[in-house]
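Take a look at the protein below. Where does its chain pack together, and which charged side chains pair up?

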Amino acid sequence: MSHSRIGPATIRRHCSPAAPALLSCLIVSIAAGCVAVPLEEAHTLASYDGLTSNNGKITKAKFKVDPNDLATAKTIYIEPATVSPNAAPSIKKPSDQALVANVISRALCVGVSDRFQVVDRRENADVVVHATVTRIVPTNAAMAGVSTATSLVSPVPVPRLPMGLGGLAVEAEATTRDGKQVGAMVWAKSANAITTSARVSQVGDAYSLASSFGSDFSKMLVTGKTPYKGLPKFPSAQKIKSSLGGRPKYPACERFGRSPGVKDFAASQVGLPPSWTDKRPTVVGQWSP
């Protein structure tokens, strides 16, 4: 969704404190508050043939999966996610780039644990997964700070200011031991003014969106079908435990650190940068074209 021509003055007119105006406020904010993140092939996958498109309003994706080959696989290895040279310059701090990549790796590792045994050596795996961040649209930290301050002093819930929102694009594939591609996805998603918390960091939005990608791709591998159809399912016990900062199901996932859990959720509500709570050493793979 591209930026509309709705500006701050229009939003102020619609967003009066009166209760009848709240719905109008939300609609206007959503219309103005989506940054366009292009869905593009970055040449990090072995093949882009046969991808099916999912053109959601917020999430854009092209994907394919081979359920037959995945059905015989038992073990899986998650390579540390990389940040492409095209994506890196948009974020000043290498540590912030690494943080986003690590969240993707962690989310993938926890997600595939619902179906596969995660191993710590690729030569022991039936399937190997690698992901590459292809674009990071920076969050405007100053605008995020203003949004947080506004929400904290407001007596009623208000949407985030729809300016300076960030976004993320990632692509990933899963291959068998002999190099056959059994799953692939090209993915892009934008933050929005309603469901994405404002955090005072260039990667505030990308950090939140990274786990969304990990969830989509791992769900596709676990189920062997599109992650974009059907009703949402209640997360497994191991996912809930990991999301709260508990020990992951498989020790191989420890290399990506544990989720900061409730601590990070609380920090996000007051706009703190994700680096304040997610302090575990990050593991980032070496870029290879």
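This report moves from the whole chain to its core, then to its salt bridges and a surface patch.

**The whole chain**

The model is predicted. The protein chain has eight helices and eight strands. Of its 289 residues, 48% count as buried. Among contacts with a separation of 6 or more, 78% join residues 24 or more positions apart. The chain exposes about 13,900 Å². Carbon and sulfur atoms supply 58% of that area.

**The core**

The largest nonpolar core has 46 residues. Those with the most contacts inside it include Ile-76, Ile-104, Val-129 and Phe-217. Several elements give two or more residues to this core, among them strand S3 (75-78), helix H4 and helix H6 (204-223). Another core, of five residues, lies apart from it. Leu-45, Tyr-48, Leu-51 and Ala-184 are among its members.

Ile-76 touches residues well beyond its neighbours in sequence, including Val-112, Phe-116, Val-129 and Leu-221; residues up to four places away are not counted.

Helix H4 spans residues 94-112. From its first C-alpha to its last, H4 reaches 27 Å, close to the 27 Å expected. H4 is mostly covered, with 17 of its 19 residues buried.

**Salt bridges**

Side chains of opposite charge can pair when their charged atoms come close. The structure holds 12 salt bridges. Three of them are listed here.

| Pair | N to O distance | Separation in sequence |
|---|---|---|
| Asp-66 and Lys-180 | 3.6 Å | 114 residues |
| Glu-79 and Arg-122 | 2.1 Å | 43 residues |
| Asp-278 and Arg-106 | 3.0 Å | 172 residues |

Asp-66 lies in the loop between S2 and helix H3 (67-71), and Lys-180 in the loop between S7 and S8, so their bridge ties together distant positions in the sequence. Asp-69 joins these two residues in a network of salt bridges.

Are Asp-278 and Arg-106 buried or exposed? Asp-278 has a relative accessible area of 5%, so it is buried. Arg-106 is buried too, at 9%. Arg-106 sits in helix H4, while Asp-278 is in the segment after H8.

The Glu-79 and Arg-122 pair is another case. Glu-79 is partly exposed, with a relative accessible area of 21%. Arg-122 is also partly exposed, at 42%.

**A surface patch**

Leu-152, Val-153 and Val-270 make a nonpolar surface patch of about 300 Å². Val-270 lies in the segment after helix H8 (261-269). Its relative accessibility is 41%, so Val-270 counts as partly exposed.

Terms used: Residues are numbered from 1 along each chain as its sequence is written. This is a predicted model: local features need pLDDT of at least 70, side-chain atom pairs count only at pLDDT 80 or more; totals for chains, interfaces and linings use all residues. Side-chain values use heavy atoms; hydrogens and water are left out. Helices (H or I, at least four residues) and strands (E, at least two) are DSSP runs, numbered from the N terminus. The expected span of a helix is 1.5 Å times one less than its number of residues. Buried means under 20% relative accessible area, exposed over 50%, partly exposed in between (1.4 Å probe, protein chains only). A nonpolar core is a set of buried Ala, Val, Leu, Ile, Met, Phe, Trp, Tyr and Cys residues joined through side-chain atoms within 4.5 Å. Contact means heavy atoms within 4.5 Å. Patches are made of residues with over 30% relative accessible area and no salt bridge: like charges are joined within 9 Å, nonpolar side chains (Val, Leu, Ile, Met, Phe, Trp, Tyr) within 5 Å. Accessible areas come from the Shrake-Rupley method with a 1.4 Å probe; for residues, only the protein chains shown count as cover. A salt bridge is a side-chain nitrogen of Lys or Arg within 4 Å of a carboxyl oxygen of Asp or Glu.
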